[in-house]
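Let's walk through this structure together, moving from the overall picture to the details. Please keep the sequence and the 3D view open as we go.

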Amino acid sequence: MTKPSLPDLLHAAVSAVGGTERPGQVAMAEAVAEAIDENSHRLIQAGTGTGKSLGYLVPALAHGERVVVATATLALQRQLVERDLPRTVEALHPQLRRRPQFAMLKGRSNYLCLHRLHEGAPQDEEEGLFDQFEAAAPTSKLGQDLLRLRDWADETETGDRDDLTPGVSDKAWAQISVSSRECLGATKCAYGAECFAEAARERAKLADVVVTNHALLAIDAIEGAPVLPPHEVLIVDEAHELVSRVTGVATGELTPGQVNRAVKRAAKLVDEKTADSLQTASESFERVMELALPGRLEQIPEDLAYALMSLRDAARNVISAIGSTRDKSVQDEDAVRKQALAAVESVHAVAERIVLGSEYDVVWYERHDRFGATLRVAPLSVSGLLREKLFEERSVVLTSATLKLGGDFNGVAGSLGLSPEGVGGDDVPVWKGLDVGSPFDYPKQGILYVAKHLATPGREGTRGDMMDELAELIEAAGGRTLGLFSSMRGAKAAAEELRGRLSNPILLQGEETLGELIKAFAADPKTCLFGTLSLWQGVDVPGPSCQLVIMDRIPFPRPDDPLMSARQKSVEEHGGNGFMAVAATHAALLMAQGAGRLVRATGDRGVVAVLDPRLATARYGTFLRATLPDFWYTTDRNQVRRSLAAIDASAQADGK
């Protein structure tokens, strides 16, 4: 039997999902197939509307090796598992003569833990062990959430938090879930045979395609204990997010509250002397943290170093003592021990990491009005880790609508631990980049307007001229505006000001769940939606409800961001341009994602307005503009108002 051709398979899959075949999708599928056949690596930029999911799924399924697909967002994971994979598998079956199996796999804390549900969570010392369902008042929000979780446990097949609708608070979920460190293990747990997390792992072991998230991919790479089943092909979708997700997983933190909880959990399991030494170290650490000022610690102060060494040593002694004790008077002893060990091990690991003082780590204090001070440690760079853990022993395809920054792939490739394109060596993975373009006609569908006449934004204070510009643009557009702000303070200030000046409803992130806000924004074209980071990347509203996307300023990282400024300084010390490599690259990624909110379908038209003159006047403006879709570019404020009014009139004539 002859092997079915890739174009025939792609055609069958696209027809099955009711899509339209695009030249970019065909080019992408061919590049993915070539990478898998050659056991090599690809960075593929595929604009919105390309149909990139099928562009990588079809060649991966056709090849027959196990593939792991890692995505950043829940929405794409759901789309793959609930829509694209079932339809594609059925569509390809007549030609492949097989039905590849697929499964979703997440970290353990994403699944309901039956042991926690039925036995109750071990609580802190003064609360004792109690049934959390009895303790939480049934009339409280927490009580209602817990009762709903108990009912849901009887009917769910997956135990996956994301299958619970509506969702519950993090506090409620924490009562019925465990981290991998707290888990008793299937063989020791009375509910091991029914465990949702174990069942998900078993399904993944049998699957040809495993859909997971960037965080679990990072855990798999960093912690050394394999979570994902062995696989020959790794596809990273939404790959522009990977570095920040891996950095998040590799970041440790210590707070007085966290240390205190570890002390209380350990106290009932070790002798008084061992418990007292951890208590004393905890108090010493808390005193240091009371005086902590926000910012990077290039040298660890003597008082903090002493407190951390005491914590580390006391925690090590507690870990040894817990491991050798048995106390049948403690109810549900194994679970209590496991939770205490997890808490103390976490304290020990972070304290030791900071004390050891790797030159590749950045340490800093943060302060929160409500929660007090936090001590954080994060890797200066994750590029070496990714190069070593990601690209060995498998073919890797990284794809996103945003991978070319300033016109090439080298910036993103460098952050992933790769050399410039075409440069190889013994320890350097060789890769190729491909931009398959977009099916949209950006110069005809969109305008990039830079408000060159405005004052350059400063760090603080309201921008009166910017508010006037914002109001005039929204009026010209008849609403239909997604406002992307670089800070929550800016979004709130704009919403408050314009609610007093305009008749258009203005929705503000944080006043309702994101899903509800986006639904309301899509339903009424006169409405505006203002918000910050998650809106820059998470909004998909095709059609006339979103015809104006406004960015208040270029979203550079804050100058006092300890990790970003440390990374910038490191690049400069090695002879590079720190600002361009870190700050401008960060801004370019966000702006490209933000501008991508405008055109989501072939009929969409509108304006991306940047209310920051530096995009037109500064030297780095050229780099940033080269990263954005190829919209028609203008700085003419009258022209853009006429265009918005015409787009609004056209939408109203169509009854939208």
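**A guided tour of the chain**

Both F440 and Y442 are buried, where buried means under 20% relative accessible area, exposed means over 50% and partly exposed lies in between (1.4 Å probe, protein chains only). We will return to this pair shortly. First, a word on the ground rules: this is a predicted model, in which local features need pLDDT of at least 70 and side-chain atom pairs count only at pLDDT 80 or more, while totals for chains, interfaces and linings use all residues. Residues are numbered from 1 along each chain as its sequence is written, and side-chain values use heavy atoms, with hydrogens and water left out.

Now for the overall view. The secondary structure comes to 27 helices and 18 strands; helices (H or I, at least four residues) and strands (E, at least two) are DSSP runs, numbered from the N terminus. The C-alpha trace spans about 75 × 70 × 60 Å along its principal axes. For 656 residues, a compact globule would have a radius of gyration near 26 Å, and the 27 Å of the chain agrees with that. Here the radius is taken over C-alpha atoms, and the globule rule is 2.2 Å times the number of residues to the power 0.38. Of the 656 residues, 53% count as buried. A contact means heavy atoms within 4.5 Å, and among contacts between residues at least 6 apart in sequence, 76% join residues at least 24 apart.

Let's start with helix α1 (residues 6–16), where L6, L9, L10, A12, A13 and V14 are buried. The cover over these buried residues of α1 includes α2 (23–38), α3 (52–63) and α4 (74–96). After α1 comes G18, which has a positive phi, near 70°.

Next, look at helix α7 (residues 141–155), which holds D145. With a relative accessibility of 3%, D145 counts as buried. Beyond residues up to four places away in sequence, D145 touches V168, S169 and A172. That last partner, A172, sits in helix α8 (residues 170–175) and is buried too, its relative accessible area being 0%. Seen from A172, and leaving aside neighbours within four places in sequence, the contacts are L142, D145, L146 and L149. An α-helix has 3.6 residues a turn, so residues three or four places apart point the same way. Helix α7 also appears in the surroundings of helix α9 (residues 196–206), whose buried residues are F196, A197, E198, A200 and A204. The cover over those residues of α9 includes β3 (102–104), α5 (114–119), α7 and β4 (209–213).

Moving on to a strand, V233 is found in β5 (residues 233–236) and is buried, with a relative accessible area of 3%. Not counting residues up to four places away in sequence, V233 touches I36, R66, V67, V68 and S395. V233 and V69 are 164 residues apart in sequence, yet 8.5 Å apart in space, C-alpha to C-alpha.

Which parts of the chain are tied together by the pair of Y442 and F631? To answer, let's turn to the rings. The structure holds eight aromatic pairs. One of them joins F440 and Y442, edge-to-face, at 6.1 Å centre to centre with 80° between the planes. Rings of Phe, Tyr and Trp (its six-membered ring) pair if their centres lie within 6.5 Å; planes under 30 degrees apart count as stacked, over 60 as edge-to-face and the rest as tilted. Y442 also pairs edge-to-face with F631, at 5.4 Å and 90°. Y442 lies in helix α18 (residues 442–445) and F631 in the loop between α26 (621–627) and β18 (632–634), so this pair ties together parts 189 residues apart in sequence. F631 is buried, at 7% relative accessible area, and Y442 is buried at 14%. Ring pairs thus link F440, Y442 and F631 into a cluster.

Finally, helices α23 (residues 562–573) and α24 (residues 578–595) pack at an angle of about 145°, with their axes 7 Å apart. Axes are lines fitted to C-alpha atoms, for helices over the stretch in contact, and angles run from 0 to 180 degrees between N-to-C directions. On the α23 side, M564, R567, Q568, V571 and E572 meet G578, F579, A581, V582, A583 and H586 of α24.
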